[in-house]
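Here is a quick tour for anyone who likes to poke at models residue by residue. Have the viewer open and follow along.

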Amino acid sequence: MAMAKVGFCCSLNLTRPKHGRLLVIASASNAKSLDIMNGKKVNGIHLNEETRHQRLLNQRVADAPLHACLLGKFVEDRFLYRQTFIVRSYEIGPDKTATMETLLNLLQETALNHVTSSGLAGNGFGATREMSVRKLIWVVTRINIQVQRYSCWGDVVEIDTWVDAAGKNAMRRDWIIRDYRTQEIITRATSTWVIMNRETRRLSKIPEQVRQEVLPFYLGRVAIAKEQNDVGKIDKLTDETAERIRSGLAPRWNDMDANQHVNNVKYIGWILESVPIHVLKDYNLTSMTLEYRRECRQSNLLESLTSSTASVTGDPNNNSNNRIADLEYTHLLRMQADKAEIVRARSEWQSKQITQVIT
């Protein structure tokens, strides 16, 4: 990974002292050292009070390469990739917690760094060398993310990711997000990926050469248990069945990614545009399943459709009955001109008051 020099070098170290509080040390090579008063908190994180311990850790961090903090590390015999992030101020919503878009961006970043650090990366966006030779890219077809608790501004999270086969011509990628300080699992996610030719934009079978590249990294483990995974069919909404329709949604140039289409995370914001405002204010989005149907380009105008369904709690006919939710919505994001489907989605919501009591 190439990095531009901007006149200074900073380092970050995270450690878990004996007294259980998280210590964050930041240093700048050409800046004056920063003294922090005992008992203070920076971005919601308690800082260690031992000045000598700080000096020792500063020295250790200064000797560590910067990429060790940025790219994470392999664990469990290189089957699993682990990376640590701090929730930034621009990654939170009105309630000062991370948004669903933030979580999916962090998952995507971890996945890309997993490929890069594995030594498989070609010249594509997450593609392997054999894929790049054949002008192939990965595209996601379905993702389910389940959130137990959203992190706050300044919280540190630890993300594990791994891959496995999903049938003959797909790959499954899973993630687990933990609270770094307590090691509590706060989010689980699973996704299915297929291969597409970046020039013809047609799906392709996984070439045997590509399969042999990724096979050594396959780990037979799931982040979401089978009985809790949202694998059910997502019904298609129409003008007649949708309760709310928001038209005129326009992708911007900055919404495009390196694969020359709208980044899959961007769809979430447009989907939520048709959710009632009182739901966004008073409920937490605890589960979201996205089923991607086609690409979207910067020139397309979009429509967001939403319709509520019955509460999923205790419904024996619903595949989500092992999860607790107060509200469930079905969504559709489509082209405004020809009504072609882009994404079908299902979301589950829990009252913020109930969530606070449980927490």
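## A buried asparagine in strand 13

N284 has a relative accessible area of 14%, so it counts as buried, the cut-off being under 20%. This is a predicted model, so read every value here as computed from predicted coordinates. N284 sits in strand 13, which covers residues 283–292. Hop along the chain and you'll find W349, 65 residues away in sequence, yet the C-alpha atoms of N284 and W349 are separated by 5.4 Å.

## The chain overall

Zooming out, the chain has eight helices and 16 strands. Of its 359 residues, 48% are buried. If you take the contacts between residues at least 6 apart in sequence, 70% of them join residues at least 24 apart.

## Helix 3

Helix 3 runs over residues 100–118, and its length checks out: at 1.5 Å a residue, 19 residues should span 27 Å, and the end C-alpha atoms are 27 Å apart, which agrees. As for cover, 14 of the 19 residues in helix 3 are buried, so the helix is mostly covered, given that buried means under 20% relative accessible area. Right after helix 3 comes G119, with a positive phi near 85°.

In general, an α-helix has 3.6 residues a turn, so residues three or four places apart point the same way.

## The cores

Which residues touch the most other members of the largest nonpolar core? They are M100, L104, I145, Y267, M288 and L290, out of 61 residues in that core. Take M100 as a starting point: leaving aside neighbours within four places in sequence, M100 is in contact with I145, V147, Y150, I268, L285 and M288. Another core, of seven residues, lies apart from the largest one, and its members include I176, L219, A223 and I224.

As a rule, nonpolar side chains in soluble globular proteins tend to be buried together.

## The second largest pocket

The second largest pocket holds about 760 Å³ of space. Its lining is made up of 40 residues, and W138, V139, V140, W193 and V194 are the ones nearest the centre. Two or more lining residues come from each of helix 3, strand 7 (136–147), strand 9 (171–179) and strand 10 (185–197). Helix 3 gives the largest share, eight residues.

What does the lining look like by class? The count is 25 nonpolar, nine polar and six charged residues.

## An aspartate in strand 9

Strand 9 also contains D179. Is D179 buried or exposed? Its relative accessibility is 10%, which is under the 20% cut-off, so D179 counts as buried. Not counting residues up to four places away in sequence, D179 touches R149, V156, E184 and I186. D155 is worth a look too: D179 and D155 are 24 residues apart in sequence, and their C-alpha atoms are 7.8 Å apart in space.

## Two arginines with positive phi

Most residues other than glycine have a negative phi, and most peptide bonds are trans. With that in mind, try R78, which is not a glycine but has a positive phi of about 70°. R78 is in the loop between strand 5 (73–75) and strand 6 (80–86). Its relative accessibility of 42% falls between 20% and 50%, so R78 counts as partly exposed. Skipping residues up to four places away in sequence, R78 touches S117, S118 and F217. R78 and P216 are 138 residues apart in sequence and 9.4 Å apart in space, C-alpha to C-alpha.

R201 also has a positive phi, about 60°, although R201 is not a glycine. Its place is the loop between strand 10 and strand 11 (203–204). At 21% relative accessibility, R201 counts as partly exposed, because the buried class stops under 20%.

## A glutamate between two helices

Last stop: E273, in the loop between helix 6 (266–272) and helix 7 (277–282). With 36% relative accessibility, E273 counts as partly exposed. What does E273 contact once its neighbours within four places in sequence are left aside? The partners are R246 and L249. The C-alpha atoms of E273 and S247 are separated by 9.5 Å, with their positions 26 residues apart along the chain.

Terms used:
Residues numbered from 1 in each chain as written. Predicted model: local features only at pLDDT ≥ 70, side-chain atom pairs only at ≥ 80, totals over all residues. Heavy atoms only, no water. Helix = DSSP H or I, 4+ residues; strand = E, 2+ residues; numbered from the N terminus. Expected span 1.5 Å × (residues − 1). Buried < 20%, exposed > 50% of the residue type's maximum accessible area, 1.4 Å probe, protein only. 1 Å grid on protein atoms, 1.4 Å probe; cavity = no way out; pocket = protein on both sides within 12 Å on 5 of 7 lines; lining within 4 Å. Points joined across faces, edges and corners; volume = space filled by probe spheres on them. Nonpolar A, V, L, I, M, F, W, Y, C, P; charged D, E, K, R; others polar. Core = buried A, V, L, I, M, F, W, Y, C linked by side-chain atoms within 4.5 Å. Contact = heavy atoms within 4.5 Å.
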